[in-house]
Structure formats: structure tokens, C-alpha cells
Amino acid sequence: MGQFIQFTLTRAFMALFTLLTVSLIVFTLMEMVPGNCAERYLAFKNTQGQQITVDDIEAEERRLGLDRPFLIRWASWVGNVFFKGEFGDSCILRLNINQLLSDKYWISLGICLAALILAYLIAIPVGIYSASTPSPVTNNLLRFLSYLGLALPNFLLALIIMLISTVLFGDSLTGLFSKEYRDAAWSLAKFQDFLSRAWLPIFVLGWSATAFAMQTVRALMLDEIGKLYVTAAAARGIYGRRLLWRYPARHAMGPVINSLGFDLNRIFNELPVVALILTLTEAGALLIEALARSNDQQLAGAIIFLLTASIVIVNFVTDVLLALMDPRIRKGLIG
């Protein structure tokens, strides 16, 4: 137990150090964008017909604290994020980022996690079956489906489903809420309406993730099945599902579990494009708006940091789970 606690504390320290490093990288990138927040905001106001002077820019820089040294501004920003959970105000929209994101990020994270869970619920049993089935027809069919999942882009799948739904049912299935619930407060009826529409982005995002995970599970199982300890277990009279789940599957699940954070990152990377096609109003669409249209680096930096924090937390949880499953993991880290 002492060794496990030491491992957990070590991983927690590494996760915290990773978040601090990421916060420095994100803040540095925000600072490297041509023109600071005051200049971009006043330039935006200038396009609205207002006359902006150099004195206006300097006054705005002092108000935002942009005249302070870089490290002090970073320490202030990261301190507000870590201890208060505050990301400040949007550079262009001049709205509090926490209020602007509000439930948008949680909706995005929920969709990505649901797509990840769906992918693994399908990929693990199907990948194990594909690696162990003696039927070449079934094996080739499952491999074809996995290759199709990797070859067919998520946005194209979304367009196909939207086209079929529009032609057959007259509904494009876009958006996360119906019109009557779009601006309404959360309630059981709104949550049910959300579930009735959220299945499409979950399915689309889980499409390639399922195919990728299936290929991974199949390759790991094929590598484990041929090893001597599996042959020895079969010689002792263990066979069928008991043999698969007790020996090769158990050892093959380690790398699969360890890749959860990577798969979550890949799913979120695909979310903005899918969000544009399905007209989703969540953090993925907001990130595209901040990066490509409004150049609002404060808002984009907050979303990127939240995404990174989610991935770091998922990796920390998976490391702890792997340490519980396999003592060699924690011994390898702490010696």
C-alpha cells in the first residue's frame, strides 16, 4: 500500500508540473500573437467606426496590466486559473470567459468522453473476437469495417447522415437542441432533448476512434495469443473465453487503457470540424471562432488549457488504474 501511495503522489506531482508547463506554453503563445489584447480590441472597435488614438491604446494596456513584465503576468494568470478557476475576460468579446464557456465546455467534454466510451465498448470485445476467431470470413469482414472507419473521415460521415436524414425525414439533425430549448434553462425536458440530438456527434466522433481502437486491440491480442504462457495455460485445460480474458486480454489491456488520454485528445481535435458541419454551439465551435475569425487568443488559450487539463487528468487516472492492475507499473516508476 505504501508503494502505491508513493506512486500516486509521484504521478500527481508530474501531472501538476505538466499543467504548469502547459500553462506557460499557452500563455507564451497568446503573447506571441502580433498585437496585444488592447491593440486587437481597439482595432476591432475601430472597424465599428470609433476613432482610436495611441493614448487610448496605452490607457487600455495599463487597465489590462499589459505594461507589467511577462513572468509577472503569467504568474498572475496561472494563479487565477489554479486557485480561483478564473480565466479573465475575452479579448474581443469583453465577456468573462468562465461565463462565456459556462456549460459549453462541459457539453463538449461530455460528448468526447461519450464517444470515447462508445468506441472502447465496441472495440475491445470486437477486437478480441477478431484476433481469436478461426473464421477467415468474419475476420476479414471485421478488418474491412475497421479500415473503412479509418479511411472515411468523420466530417464526411456527418454529411452523409445529414443528407440521408434530410431526404428521408426532412430533418438535418443539426444542432444540440431544438428551437424551443435552445435558450431555455436546463431542465429534464431540455436534457432529454439534448440526448435525442447528441447521439449524432457522439456516433460521428466515435466512428474513427472505434476503428483505431479495434485495430490496436486486435494487434495486441495477436501478439499475446502466440506467447508461451498462453500455450501453457491451454495445456492446463483452460480454454475459450476464460483463457482469452484471463491471460492474453488482461495483458493486452494495459497499452489500451494507457492510450485513453491520447484518444480523447484525438477526438477533441476532430470536434471543431464536426461542430461546424453539425452547427453545434459548444467549445469546439467556439475554439474555431476564437482562432480563425475573431483572433481572440485569451478565449482560445482558455479552451486549449482546459482540454489539456482534461487529458492530463485522464492520463493520471489511467496510470493509477494500471498501477492497481499491474504492480510492475509502479515499480518501474519509483524503482
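## An aromatic cluster

Six residues, Phe27, Phe70, Trp77, Phe82, Phe87 and Phe305, come together as one aromatic cluster. Keep in mind as you look at them that this is a predicted model. Across the structure there are 10 aromatic pairs, and two of those involving Phe305 are worth a visit here.

Start with Trp77 and Phe305, an edge-to-face pair whose ring centres are 6.0 Å apart and whose planes meet at 75°. Trp77 belongs to helix α4 (residues 70–84) and Phe305 to helix α15 (residues 297–325), so this pair ties together parts of the chain that lie 228 residues apart in sequence. Are these two residues buried or exposed? Trp77 has 11% relative accessibility, under the 20% cut-off, and therefore counts as buried. Phe305, at 6% relative accessibility, is buried too.

Phe305 also pairs with Phe82, again edge-to-face, with 6.1 Å from centre to centre and 65° between the planes. Phe82 sits in helix α4 and Phe305 in helix α15, so here the two tied parts are 223 residues apart in sequence. Phe82 has 30% relative accessibility, and so counts as partly exposed.

## A charge over a ring

Now move to another spot with an aromatic ring. Which residue lies over the face of Phe212? That residue is Arg266, placed at 4.3 Å from the centre of the Phe212 ring.

## The chain as a whole

Stepping back, you will find 16 helices and 0 strands in the chain. Of its 335 residues, 43% count as buried. The accessible surface comes to about 18,100 Å², and carbon and sulfur atoms account for 67% of that area.

How do contacts spread along the sequence? Taking the contacts between residues at least 6 apart in sequence, 72% join residues at least 24 apart. The pair of Trp77 and Phe305, with its 228 residues of separation, gives you a concrete example of parts that are tied together across the sequence.

## How far to trust the model

What is the average pLDDT of the chain? The value is 80, and 87% of the residues score at least 70.

Confidence can also be followed from element to element. Helix α6 (residues 103–132) has the highest mean pLDDT among the elements of the chain, at 88. At the other end is helix α16 (residues 327–334), with the lowest mean, 56. Where pLDDT is low, predicted coordinates should not be read in detail.

Terms used:
Residues numbered from 1 in each chain as written. Predicted model: local features only at pLDDT ≥ 70, side-chain atom pairs only at ≥ 80, totals over all residues. Heavy atoms only, no water. Helix = DSSP H or I, 4+ residues; strand = E, 2+ residues; numbered from the N terminus. Buried < 20%, exposed > 50% of the residue type's maximum accessible area, 1.4 Å probe, protein only. Contact = heavy atoms within 4.5 Å. Areas by Shrake-Rupley, 256 points an atom, 1.4 Å probe, with all protein chains shown as cover. Phe/Tyr/Trp six-rings, centres within 6.5 Å; stacked < 30°, edge-to-face > 60°. Lys NZ or Arg CZ within 6 Å of the ring centre and 35° of its normal. pLDDT = per-residue confidence, 0-100.
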